[in-house]
Amino acid sequence: PEPERAPAEEAAQRFKRKYGKDIDCYLSPGGHEVVCGRSSTMNEYVSLRLAKGDMVWFHTDKGIPGSHVLIRALWDEVPQDDFEFAAKIAAYHSKGKDKGNVPVMYCKGHQVRKPKGSPKGTVTVNGDRYSMVVEPGLPERGD
């Protein structure tokens, strides 16, 4: 039999898997939902279905493959700490994870598009984009 988990740990696991097994869900320091695709199919789901309007979308920069990460809140309502929080998750779930500091770009959700005929999980960004360099990391348990 499986070992029993504390109710808080069980609730945290349920929240993390809120969107299914290949999407992780976190709660940012500012109290916003942060979702992270863990496969090309779920990256597309995060980028093309969940990302709306002025939500904040993240991906590793400089051609580094990685997960698509989204803060499910309007750009103007997201505190600066949350930008770094989500960028660290994007860096962690990338091929640059072991390189120390990783460049991560971010933009508004409505700027993310899928080029016609491109492979699953491939998107482009139209318009302004921003970038920061972060150390890859996941939130501590309980965040």
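This is a short tour of the structure, stop by stop.

The model is predicted, so local features need pLDDT of at least 70 and side-chain atom pairs count only at pLDDT 80 or more, while totals for chains, interfaces and linings use all residues. Residues are numbered from 1 along each chain as its sequence is written, and side-chain values use heavy atoms, with hydrogens and water left out.

**Stop 1: strand 2**

Select residues 33-37. This is strand 2. Helices (H or I, at least four residues) and strands (E, at least two) are DSSP runs, numbered from the N terminus. Five of the five residues here are buried, so the strand is largely enclosed by the rest of the structure. Buried means under 20% relative accessible area, exposed over 50%, partly exposed in between (1.4 Å probe, protein chains only). Glu33, Val35 and Gly37 point one way from the strand. Val34 and Cys36 point the other way.

**Stop 2: its partners**

Add residues 23-27, which are strand 1. Strands 1 and 2 pair in the antiparallel sense over five bridges. Two strands pair if DSSP finds at least two bridges between them. Ile23 has Gly37 as its bridge partner in strand 2. The two strands form a hairpin with five residues between them. In that turn, Gly31 has a positive phi of about 90 degrees.

Now add residues 69-74, strand 4. Strand 2 pairs with strand 4 in the antiparallel sense too, over three bridges. Val34 has Ile71 as its bridge partner there.

**Stop 3: the cores**

Select Val34, Val56, Phe58, Val69, Ile71, Phe83 and Val104. These have the most contacts inside the largest nonpolar core, which has 23 residues. Such a core is a set of buried Ala, Val, Leu, Ile, Met, Phe, Trp, Tyr and Cys residues joined through side-chain atoms within 4.5 Å. Which helix gives the most to this core? Helix 3 does, with seven residues.

Center on Phe58. Among the residues that Phe58 touches are Val69, Ile71, Phe83 and Val104, not counting residues up to four places away in sequence. Contact means heavy atoms within 4.5 Å. Apart from the largest core lies another, of 14 residues, including Val35, Leu50, Met105 and Val123.

**Stop 4: two exposed residues**

Go to Lys62, in the loop between strand 3 and strand 4. Is Lys62 buried or exposed? At 68% relative accessibility, Lys62 counts as exposed. Lys62 has a positive phi of about 60 degrees, although it is not a glycine. Most residues other than glycine have a negative phi.

Finish at Ala8, in helix 1 (residues 7-16). Ala8 is exposed, with a relative accessible area of 60%. Ala8 and Ser40 are 30 Å apart in space, C-alpha to C-alpha.
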